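The following exercises concern salt bridges and the accessibility of the residues that form them. Please work through each task before reading its solution.

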Amino acid sequence: MLKLADIETYAPMSDVLPEWFSALAAGVPTPNVLVAGLHVTGKTSIVTQMARQHGMRLLTLNAATIDPFVHLLGIPVVHAGIARFAPLTNGLDQAELLFVDELNRAPDHVRNALLEVVLTRSINGKPLPKLRGVIAAVNPCDLYADTVE
């Protein structure tokens, strides 16, 4: 298992994210980012501030508390015998940047649903064409009994 301490070189989030945001805002394809840090250290605040500075539509989801149907797919609705998903109301389909907080505290079914968004920028096969980047945040695993390493 790889732990942050095993990585010889890494930079603080505050050093890496400005360059990442600038590249993303300029339309340069960028990899998704995983940030790690103790709770209440400003991960969400930094991402929110930088998204605002670059004029990007940000959607923040707390992976430990979301429901994939409500927050990612939409609620199934049956009309004339055909089941369809009601349109999302949280803005995922309009987001340019998705910030997923508490990823390592999310249940398996939530992480599985988020995997499609992160890897393919789509959900349930529906493309999310405005989504340009994903940042996920985790807290150190040894702080929580219900954490996935």
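**Exercise 1: a pair within a helix**

Arg111 and Asp108 join their side chains in a salt bridge, at 2.3 Å from N to O. The model is predicted, so that local features need pLDDT of at least 70 and side-chain atom pairs count only at pLDDT 80 or more, while totals for chains, interfaces and linings use all residues. Residues are numbered from 1 along each chain as its sequence is written, and side-chain values use heavy atoms, with hydrogens and water left out.

Task: State the criterion, then place Arg111 and Asp108 in the fold and classify their exposure.

Solution.
1. A salt bridge requires a side-chain nitrogen of Lys or Arg within 4 Å of a carboxyl oxygen of Asp or Glu; by this rule the count is four.
2. Both residues lie in helix 4 (residues 108-120), three residues apart, which means a separation of about one helical turn. Helices (H or I, at least four residues) and strands (E, at least two) are DSSP runs, numbered from the N terminus.
3. Buried denotes under 20% relative accessible area, exposed over 50%, and partly exposed in between (1.4 Å probe, protein chains only). Arg111, at 23%, is partly exposed, whereas Asp108, at 51%, is exposed.

**Exercise 2: a network**

Task: Determine which residues are linked with Glu96 in a network of salt bridges.

Solution.
1. Glu96 pairs with Arg57, the closest N and O atoms being 3.9 Å apart. These two residues are 39 residues apart in the chain.
2. Glu96 also pairs with Arg132, at 3.2 Å between the closest N and O atoms; here the partners are 36 residues apart.
3. Arg57, Glu96 and Arg132 are thus linked in a network. Glu96 is buried at 14%, while Arg57 is partly exposed at 42%.
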